[in-house]
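Colleague: Could you take me slowly through one part of this model, explaining how its helices lie against one another and which residues bring them together? I am new to reading structures, so please connect each step to the one before.

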Amino acid sequence: MRSLKYSAHNHLTILQNGGEYFPALLKAIEAASEEIYFETYIFALDDVGHAVKDALKRAASRGVEVHVITDWLGTGHVVGSRLESELLAAGVYHRSFNPWFRRGIARTHRKICVVDGKVAFVGGINITDDLRYDYDPKQRLPAPRWDFAIRVEGTLVAQIHRETESEWARQGKLHLLSRLVLMRDELVASHRVVGRDGLAGFVVRDNLHNRRTIQRAYLRAIGHAKQSVVMANPYFAPGSKFRNALAAAAARGVEVTLLLGVGEFWLQDSVAQSMYPKMLKRGIRLYEYRKTQLHGKVAVVDNIWATVGSSNIDGLSLFLNHEANVVVRDAAFVKDLRAHITAAIAEAAPISLDDFDNRPWYKRLGYNLAYMFYRMLMRIVTLGDYT
């Protein structure tokens, strides 16, 4: 398993929602002069999607080498085929991740863009309208989706660039020896950290040599927490190891706060709610964000550690899908991100043990049955890794 490596002297900018992310992304694409590597789970062909697609096409017309990976399931076969035809006709290279589940059931859930090897974007924001549900574009949200990306300039971009190049190669027709050489090069790639400002690392999850890398980064931060752990996540269904780490932190006096998204998937909500009683009894504070769709995957520990990325805290993200997060140890950045999460918590509904106990018995039974089904399913699809 590859360990998390930090690099210094990075300029890191938080981008909240599509309102901040898409203008920054489009500006970078329009300024590209050499190459673009672009990955996303969902690439909707709405107004936002057309704007990004057209910018990529214009870049190709300028002679920029543009490589785009979209997930076959997340983007959809029909939309993905339309997108691919249009991109290829404009000189943009496109590959669909794991079409028809030919390489198993794993999906790429990553949202990454690297431009000219100089600027990178990593986060949880798909290419879709902020005011539309991810999985039902006909349904409008009451407020812009709550989500984040991070813009990176500096030494970390080289690592992100190397990973996107490798992912592009892996999605092509590589023979076994080439894949082994690529894996070797990824494992030996390293750099020496000089300085402490703008300290950040790039951590990915896949089903080769990074199977538990993102969970490991989380558990290490939680295990060293002394004051506070604050997390926001839309799909909360971790294994027992992650839940026990949160409980252990709360037991030693750390203030543990979870801001969770609700209202999108009944099964997901039920699985998360099945965990509420034990977490509440162990002193973990719970809030449900009901203002709009919460899609951000962010966390802050002790005001010295933070992460922004694509990884949910559930079985699919932690044990099956391809994911990408940036981990930051920069005081100004961490303070800024915590302020965003704190503002959202102020708008959320606190969950108490009494509130949960007053719910009808059949609802609580449904939560437990949903968790039993989910745990069985995750253990099957992750080959027993979901623990």
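**Helix α2 and its neighbours**

Modeller: A search of the whole structure, which is a predicted model, finds 19 salt bridges. One of them is formed by the side chains of E30 and R58, which meet with a nitrogen-to-oxygen distance of 2.4 Å. This pair links distant parts of the chain, since E30 belongs to helix α1 and R58 to helix α2, and the two residues are 28 residues apart. Side chains of opposite charge can pair when their charged atoms come close.

From that pair we can turn to the two helices themselves. Helix α1 covers residues 17-31 and helix α2 covers residues 47-61, and their axes come within 9 Å and cross at roughly 15°. Angles under 35 degrees count as roughly parallel, and so α1 is roughly parallel to α2. The crossing in which α1 passes α2 is left-handed. On the α1 side the contact is made by F22, L25, L26, I29 and E30, while α2 contributes V48, A51, V52, A55, L56, R58 and A59. E30 and R58, the partners in the salt bridge, are thus also found among the residues of this contact.

Helix α2 also packs with helix α4, which spans residues 77-89; here the angle is about 25° and the axes lie 9 Å apart. By the same reasoning about angles, α2 and α4 are therefore roughly parallel to each other, although the crossing of this pair is right-handed. The residues that meet are K53, D54 and K57 in α2 and L83, E86 and L87 in α4.

For comparison, we can look at another pair of helices. The axes of helix α7, residues 213-223, and helix α8, residues 240-251, come within 9 Å and cross at roughly 15°, which makes α7 roughly parallel to α8. In this pair α7 passes α8 in a left-handed crossing, and the residues that meet are Q215, Y218, L219 and I222 from α7 with K241, F242, A245, L246 and A249 from α8.

Finally, a word on the surface. W361, Y362, L365, L369 and M372 make a nonpolar surface patch of about 590 Å², and one of these residues, L369, is found in helix α14, which runs over residues 361-381.

Notes:
Residues are numbered from 1 along each chain as its sequence is written. This is a predicted model: local features need pLDDT of at least 70, side-chain atom pairs count only at pLDDT 80 or more; totals for chains, interfaces and linings use all residues. Side-chain values use heavy atoms; hydrogens and water are left out. Patches are made of residues with over 30% relative accessible area and no salt bridge: like charges are joined within 9 Å, nonpolar side chains (Val, Leu, Ile, Met, Phe, Trp, Tyr) within 5 Å. Accessible areas come from the Shrake-Rupley method with a 1.4 Å probe; for residues, only the protein chains shown count as cover. A salt bridge is a side-chain nitrogen of Lys or Arg within 4 Å of a carboxyl oxygen of Asp or Glu. Helices (H or I, at least four residues) and strands (E, at least two) are DSSP runs, numbered from the N terminus. Axes are lines fitted to C-alpha atoms, for helices over the stretch in contact, and angles run from 0 to 180 degrees between N-to-C directions. Angles under 35 degrees count as roughly parallel, over 145 as roughly antiparallel, 65 to 115 as roughly perpendicular and the rest as oblique. A crossing is left-handed if the near helix is turned anticlockwise from the far one by less than a right angle, and right-handed if clockwise. Contact means heavy atoms within 4.5 Å.
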